[in-house]
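I opened this entry to keep track of what I looked up, one topic at a time. The notes follow the order in which I went through the structure.

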Amino acid sequence: MIQTAQLTEMPLAGMYEEKVYEGPHENDIWTWVKFEDEFYNDTYGQFRGKPIATALSPNNDYCYVLTDILLYEINRQNPDSYAICDYYSFGGTMRDITLTPEGILLIADYYHIYTLKKPLCDIEGEVYNEVQSISSTLNGEVDCIQFKYWDKHILHIEAVNFYSSEKKVFLTYNAETGRITYD
């Protein structure tokens with residue numbers, strides 16, 4: 001079972017087990033992720049696109065890898081089983097991902113934050129029909145949303161505010177209440 005996932009560089013050929021996670025888009029740029037299982041065995045995954053983020057939680061059966069063109073969902077028990085979401089199915093650009101302490105996937109585009117409570121592999125049709133926006137309190141005032149870190153059930157977020165002299169703004173998302181507030 002996958003216990004950790006971290007973005008990394010391409011490993012030396014033949015040093016570790018490697019798995020290529022293909023996608024529907026041809027791209028010469030690859031993301032490498034180092035996975036570690038419960039026995040501390042390392043495996044490297046190769047994903048299409050530029051690296052952006054990984055997300056993993058003990059309360060979710062899947063590990064997520066986000067590149068600039070695709071979101072991959074890898075089954076933690078069986079890493080050969082995976083699903084893919086491209087930007088067209090999501091309905092726009094995915095800029096960041098994280099998992100709540102409860103294991104719910106959060107996805108940020110430039111202006112909004114969404115939750116996805118259903119695994120990609122269980123979704124029939126377009127993913128944008130399944131995501132729910134939780135950023136209505138932001139009123140389109142922020143851009144370039146970036147998830148920073150979790151402090152228990154509070155996610156710290158950084159963004160840019162176009163309507164303020166303070167260009168950089170700090171937000172928090174409370175996973176227990178589902179609310180976003182300005183810090």
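**Tyr72 and the aromatic cluster**

I began with Tyr72, which counts as buried at 0% relative accessibility. I kept in mind throughout that this is a predicted model.

I then looked up the ring pairs and found that the count comes to eight aromatic pairs. In one of these, the rings of Phe47 and Tyr72 have their centres 4.8 Å apart and their planes at 70 degrees, so I noted the pair as edge-to-face. Phe47 belongs to strand E4 (residues 42–48) and Tyr72 to strand E7, so this pair ties together parts that are 25 residues apart in sequence. Both Phe47 and Tyr72 are buried.

Next I checked Tyr72 against Tyr82, where the ring centres are 6.4 Å apart and the planes stand at 40 degrees, so the pair is tilted. Here Tyr72 lies in strand E7 and Tyr82 in strand E8, so the parts tied together are ten residues apart in sequence. Tyr82 has 30% relative accessibility and counts as partly exposed. I also wrote down that Tyr21, Phe35, Phe47, Tyr72 and Tyr82 form one aromatic cluster.

**The two open sheets**

Which strands make up the sheet with mixed pairing? I found an open sheet of four strands in the order E1-E3-E4-E2. Strand E1 (2–8) and strand E2 (17–21) stand at its edges with a single partner strand each, so one side of each has no neighbour in the sheet. From one strand to the next the twist averages 25 degrees. Within this sheet I followed E2 and E4, which pair in the parallel sense over five bridges, and I saw that the bridge partner of Tyr21 in E4 is Phe47. Tyr21 and Phe47 are also both members of the aromatic cluster noted above.

I then turned to another open sheet, in which four strands follow the order E5-E6-E7-E8 with antiparallel pairing. The edges are strand E5 (51–55) and strand E8 (82–86), each with a single partner strand, so one side of each is left without a neighbour in the sheet. Neighbouring strands here are turned by 15 degrees against each other on average, direction ignored. Strand E7 (residues 70–75) runs antiparallel to E8 and is joined to E8 by five bridges, and Leu70 stands opposite Asp86 in E8.

**Nonpolar cores**

My next question was which residues have the most contacts inside the largest nonpolar core. This core has 21 residues, and the residues in question are Leu71 and Ile97. I listed the elements that supply at least two residues each, and among them are E5, E8, helix H1 (87–90) and strand E9 (96–99). Strand E6 gives the most, with three residues.

I looked more closely at Ile97 and, leaving out residues up to four places away in sequence, found that it touches several others, including Ala53, Tyr64, Leu71, Leu106 and Phe147. There is also a second, separate core of 15 residues, which includes Leu106, Phe147, Tyr173 and Ala175. Leu106 and Phe147 thus belong to that second core and are also touched by Ile97.

**Cysteines**

How many disulfides are there by the count? I noted zero disulfides, and I went through two of the cysteines to see why. The sulfur of Cys63 is 13 Å from the closest cysteine sulfur, in Cys121, which is too far for a bond. For Cys121 the closest cysteine sulfur is in Cys85, at 12 Å, again too far for a bond. Cys63 counts as buried at 0% relative accessibility, whereas Cys121 counts as partly exposed at 42%.

**The hairpin of E15 and E16**

Last, I looked up strand E15 (residues 168–174) and strand E16 (residues 179–182), which pair in the antiparallel sense over four bridges. Leu171 has Tyr182 in E16 as its bridge partner. The hairpin has four residues between the strands, and Gly178 takes a positive phi near 75 degrees.

Is Thr172, in strand E15, buried or exposed? I found Thr172 buried, with a relative accessible area of 10%. Leaving aside its neighbours within four places in sequence, the contacts of Thr172 include Ile154, His156, Ile157, Arg179, Thr181 and Asp183.

Conventions
Residues numbered from 1 in each chain as written. Predicted model: local features only at pLDDT ≥ 70, side-chain atom pairs only at ≥ 80, totals over all residues. Heavy atoms only, no water. Pairing = 2+ DSSP bridges. Axes fitted to C-alpha atoms, helices over the stretch in contact; angles between N-to-C directions. Core = buried A, V, L, I, M, F, W, Y, C linked by side-chain atoms within 4.5 Å. Buried < 20%, exposed > 50% of the residue type's maximum accessible area, 1.4 Å probe, protein only. Contact = heavy atoms within 4.5 Å. Disulfide = S-S within 2.5 Å. Phe/Tyr/Trp six-rings, centres within 6.5 Å; stacked < 30°, edge-to-face > 60°.
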